[in-house]
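Welcome to a short tour of one protein model. Have a look at the chain below, and then we can walk through its parts together.

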Amino acid sequence: MSTDQQFDRSKSPVVSSKTGNRTTPTRSIVAGVLAAVVAVSVTAAIIPSGVVAASVVSDTPALSVVVVDDTGASTAMDRGAFMDGLEELYGLSGKLRARIFAPARSIQVPVLAQLFGDPAVREPGVHSVNFAAAGGPLTVITLVPFEEKVKGRLGTYRMGFWPFEQGTARASAYDNPPGFIRVTRENQDTQVSEHFKLRDFLTKDQATVWPKYLVLREELIDKLELVIAELEATGTPVRNVSVMSGFRTPQYNQQGVGAGGRAQNSRHQYGDAADFFVDNDGNGRLDDLNGDGRVDMRDVRVMLDAVERVERRYPSLVGGAGMYKATSAHGPFVHVDVRGSRARWGIS
Ligand SMILES: [Ca+2]
Ligand SMILES: [Ca+2]
């Protein structure tokens, strides 16, 4: 069964993640980070070329962040702004390591604006900073505007045309994406969250063409991380998740449209869908998650049940989910997306 049947039910626009319940995971991260800040002075430095340096300094009881730009001027942030920034930074899962911005949009997260500097992040690109207070690199991604796609291409990378461009989009969730992440050989391993890298979501074609371009939504990454956390909390250890299919350019998606295949308006074209499976043993197929000695739809069900619990807890991340059987081409897997309304298919 394809996702086509589900498309007509999804008329409502994507719900902003800001309306979600952001209690436990984020707060524990904030508390953890604050503990680290109180314990030691922490320094962050831009990795590639120095735009700003930032220090998080402890001055108990007041905490402040001091940011130094490349002219030597320093700016202090108060504790409240720092707290707000951190809570925004890591998503509902507390595990995001990259934030994605449209080029026209100024950075809404104060701590990021301070850390990265506004001029630097207005340039489309993948900007990383080693932020020790957060336990590792953080990345601000500024999108290449959608309008830079010409005749279905960006440079030599083929993308095709989105449903809205072809006049077939029927809901605001199917508007053109705001822009693209430029993925290079050098930045493809950038960690977008604890478990995922940029490369995990790339369309699986045009292997020799660089740079490649990617549509990816933070809400999807956040949801995948929450599903992993849910699996772990309920007795399924997760050391490796394989994303079989993340973003699909429209030209690539189109090749598989048809009976039993991909949907014309597949969410994969919007960067908010992933077909994935837990693969701790790294053999390229789903593991025996329920421990009954077989790999089948019951193991897909374990993943789906975790998705259901995550959606109940975080209504802002609601979306589609489907179970898929093994074929000669692939093992069983689950599809999830964050289209903004509930859709289910292939459930057994
Ligand atoms: Ca496996
Ligand atoms: Ca099993």
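Two residues are in contact if their C-beta atoms, placed from the backbone, lie within 7 Å. Among the contacts in this chain with a separation of 6 or more, 65% are between residues 24 or more positions apart. This is a predicted model, in which local features need pLDDT of at least 70, side-chain atom pairs count only at pLDDT 80 or more, and totals for chains, interfaces and linings use all residues. Residues are numbered from 1 along each chain as its sequence is written, while chains are lettered from A and ligands numbered from 1 in the order in which they are written.

**Confidence and overall make-up**

pLDDT is the predictor's confidence in each residue, from 0 to 100. The chain has a mean pLDDT of 78, with 67% of its residues at 70 or more. Over residues 1-63 pLDDT stays under 50, and the model has 131 contacts beyond four places in sequence for that stretch. Where pLDDT is low, the predicted coordinates should not be read in detail.

Helices (H or I, at least four residues) and strands (E, at least two) are DSSP runs, numbered from the N terminus. The chain has eight helices and 17 strands. A residue is buried if 20 or more other C-beta atoms lie within 10 Å of its own, exposed if 12 or fewer, and partly exposed in between, with C-beta atoms placed from the backbone. Of the 348 residues in the chain, 44% are buried.

**Two helices**

The expected span of a helix is 1.5 Å times one less than its number of residues. Here is how helix 6 and helix 8 fare.

| Helix | Residues | Number of residues | Expected span | Distance between end C-alpha atoms |
|---|---|---|---|---|
| Helix 6 | 218-233 | 16 residues | 22 Å | 22 Å |
| Helix 8 | 297-313 | 17 residues | 24 Å | 24 Å |

Helix 6 has 13 of its 16 residues buried, so it is largely enclosed by the rest of the structure. Just after helix 6 comes Gly-235, with a positive phi of about 95°. In helix 8, the buried residues include Val-300, Met-303, Leu-304 and Val-307. Helix 6 is among the elements that cover the buried residues of helix 8, as are strand 14 (273-278), strand 15 and strand 16.

**Strand 16 and its partners**

Two strands pair if DSSP finds at least two bridges between them. Strand 16 pairs with strand 14 in the antiparallel sense over four bridges, and Ala-274 has Val-336 as its bridge partner in strand 16. Strand 15 also pairs with strand 16 in the antiparallel sense, over four bridges; here Gly-322 has His-335 as its partner.

How many of the five residues of strand 16 are buried? Five of the five are, so strand 16 is largely enclosed by the rest of the structure. In a regular strand the side chains alternate between the two faces of the sheet. In strand 16, Phe-333, His-335 and Asp-337 point one way, Val-334 and Val-336 point the other way, and all are buried.

Pro-332 sits in the loop between strand 15 (320-324) and strand 16 (333-337). With 20 C-beta neighbours inside 10 Å, Pro-332 counts as buried. Leaving out residues up to four places away in sequence, Pro-332 touches several residues, including Phe-277, Leu-286, Val-295 and Tyr-324. Val-295 lies 37 residues from Pro-332 along the chain, and their C-alpha atoms are separated by 8.0 Å.

**A second sheet and the core**

Strands 8, 11 and 12 form an open sheet in the order 8-11-12, with antiparallel pairing. Strand 8 (144-145) and strand 12 (212-214) are its edge strands, each pairing on one side only. Three bridges join strand 11 to strand 12, and Val-183 has Lys-212 as its bridge partner in strand 12.

A nonpolar core is a set of buried Ala, Val, Leu, Ile, Met, Phe, Trp, Tyr and Cys residues joined through C-beta atoms within 7 Å. The largest such core has 58 residues, and those with the most contacts inside it are Ile-181, Leu-214, Val-227, Val-307 and Val-334. At least three residues of this core come from each of domain 1 (1-142) and domain 2 (144-348), with domain bounds taken from an automatic or database domain assignment. Beyond its neighbours within four places in sequence, Leu-214 is in contact with residues including Phe-180, Ile-181 and Phe-247.

**A loop residue**

Is Phe-164 buried or partly exposed? Phe-164 is partly exposed, with 15 other C-beta atoms within 10 Å. Its place is in the loop between strand 10 (157-158) and strand 11 (179-183).
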